[in-house]
Amino acid sequence: MVFEPPKRLVRALGETAPDGDDWLEKLPEAAQQAVALRELTVERVQVPGGRSSLVVLVRTADGTPAVLKLAPGRARPEAERAALAHWAGRGAVQLLEPFSTEGVLLLERLHPDVSVRSLPEAKALLEAAGTLRRLWMEPPAGFPFETVADRTGRQAEAMRARAEADPEVAPLVGLALAAREELLAAPPEHRLLHGTFRQSKVLGGERMPWLAVGPDPVVGECAFDLARLVRDRVEDLIAQPSGAATTRRRVKRLAESLDVDQERLRGWTLFRAVESGVRAGRVGRPRDAELLLEFASWL
């Protein structure tokens, strides 16, 4: 079988590595080797798939449905492996192999086309939040994960550079950076976080109704993780005449349901929305940038 990467993956990797690298070029051969090593039977490549990895639906030698995932180093697949091993299936997809092959994960098969995003909005938020709560646990000793301070520090540098080049975004960037400084001064807890949690990252399963996939794990306070969920379906929020009020109610409802400080959740939601908006503008997605920055202005 020829493992052709989906267009979505090619486009997304072009945004994160505009000068290119050889991972995509080597991907078909790497996928063939990973399949042969594990004696897997390939069913199909998942399309449109993710933005940072090739996802292949397979069966193991004994017929067990599974997922083979291949990701470049910059997507931090080894950190994902470490987080999934620590969660051990509690709220997240399960690893199916104990050994490590660089950039390759063999995972429990969920229902790849069924996410909580398919549910009505209120129900989707409830189920997603419940899944996220199960992931928040003490990180392992000597954890191999980035901290929220480190990750957002890199992001803050890129935001400052963009603000200097584009004065229109400078006021929002200034507010977001000020919020980050205040939030990092006294974090209330340090937990292992999913890092990129949203409704589409929660898929239907057999062991449990809903399980999280695709973490980019980070260690920090829970409000940072929950902040990405606040802006889910942002295009629908923007389209509503009452979008701003709905957003503020969502912050309050999610904070109360997961025992997170409301102001800290608002602050991290602001920072993450501005950071994503600035990044979208930088890589040539002006419509996404416009939506995210308008959303951020409501906070």
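Contact here means heavy atoms within 4.5 Å. The model is predicted.

**Helices 10 and 11**

By that criterion, and leaving aside its neighbours within four places in sequence, A296 is in contact with L172, L270, A273 and V274. A296 lies in helix 11, which spans residues 286–297. Its relative accessibility is 2%, so A296 counts as buried. The C-alpha atom of A296 is separated by 9.7 Å from that of E275, a residue 21 places away along the chain.

R272 belongs to helix 10, residues 262–282. R272 is buried yet has no salt bridge. The nearest side chain of opposite charge is that of D225, 4.7 Å away. A salt bridge requires a side-chain nitrogen of Lys or Arg within 4 Å of a carboxyl oxygen of Asp or Glu. Apart from neighbours within four places in sequence, the contacts of R272 are G195, T196, F224, D225, A227, R228 and R231.

**Helix packing**

Two packed helices are described by the angle between their axes and the distance between the axes. Helix 5 (residues 148–165) and helix 10 cross at roughly 50°, and their axes come within 10 Å. That angle makes helix 5 oblique to helix 10. The crossing of helix 5 past helix 10 is left-handed. On the helix 5 side the contact is made by V148, T152, Q155, A158, M159 and R162, and on the helix 10 side by W268, F271, V274, E275, V278, G281 and R282. V274 of helix 10 is also among the contacts of A296.

A second packed pair consists of helix 4 (residues 121–135) and helix 7 (residues 222–230), with axes 11 Å apart and an angle of about 160°. Helix 4 is therefore roughly antiparallel to helix 7. Helix 4 passes helix 7 in a right-handed crossing. In this pair, L125, A128, A129 and L132 of helix 4 meet D225, L226 and L229 of helix 7. D225 in helix 7 is also in contact with R272.

**Salt bridges**

The count comes to 25 salt bridges. Three of the pairs are listed below with their N to O distances.

| Pair | N to O distance |
|---|---|
| K69 and E80 | 2.9 Å |
| E121 and R250 | 2.0 Å |
| D216 and R151 | 3.3 Å |

The side chains of K69 and E80 meet in a salt bridge. K69 lies in strand 3 (residues 65–70) and E80 in helix 3 (residues 77–87), so this pair ties together parts that are 11 residues apart in sequence. Both K69 and E80 are buried.

E121 and R250 are likewise joined by a salt bridge between their side chains. This pair links distant parts of the chain, with E121 in helix 4 and R250 in helix 9 (residues 243–257), 129 residues apart. E121 is partly exposed because its relative accessible area is 25%. R250, at 1% relative accessibility, counts as buried.

The side chains of D216 and R151 also meet in a salt bridge. D216 is in the loop between strand 9 (210–212) and strand 10 (218–220), and R151 is in helix 5, so the pair ties together parts that are 65 residues apart in sequence. D216 has a relative accessible area of 16% and is buried. R151 counts as buried at 4% relative accessibility. Salt bridges that share partners join R76, E146, R151, R154 and D216 into one network.

**Loops and backbone geometry**

R76, a member of that network, is placed in the loop between strand 3 and helix 3. The phi of R76 is near 55°, a positive value in a residue other than glycine. At 27% relative accessibility, R76 counts as partly exposed.

A88 also has a positive phi, of about 50°, although it is not a glycine. A88 is found in the loop between helix 3 and strand 4. Its relative accessible area is 38%, so A88 is partly exposed.

F99 is found in the loop between helix 3 and strand 4 (104–108). At 38% relative accessibility, F99 counts as partly exposed. Leaving aside neighbours within four places in sequence, F99 is in contact with R38 and R81.

V47 and P48 are joined by a cis peptide bond, with omega about 10°. P48 is placed in the loop between strand 1 (41–45) and strand 2 (54–59).

Technical notes. Residues numbered from 1 in each chain as written. Predicted model: local features only at pLDDT ≥ 70, side-chain atom pairs only at ≥ 80, totals over all residues. Heavy atoms only, no water. Helix = DSSP H or I, 4+ residues; strand = E, 2+ residues; numbered from the N terminus. Buried < 20%, exposed > 50% of the residue type's maximum accessible area, 1.4 Å probe, protein only. Lys, Arg positive; Asp, Glu negative; His and termini not counted. Axes fitted to C-alpha atoms, helices over the stretch in contact; angles between N-to-C directions. Parallel < 35°, antiparallel > 145°, perpendicular 65-115°, else oblique. Left-handed = near helix turned anticlockwise from the far one by under 90°.
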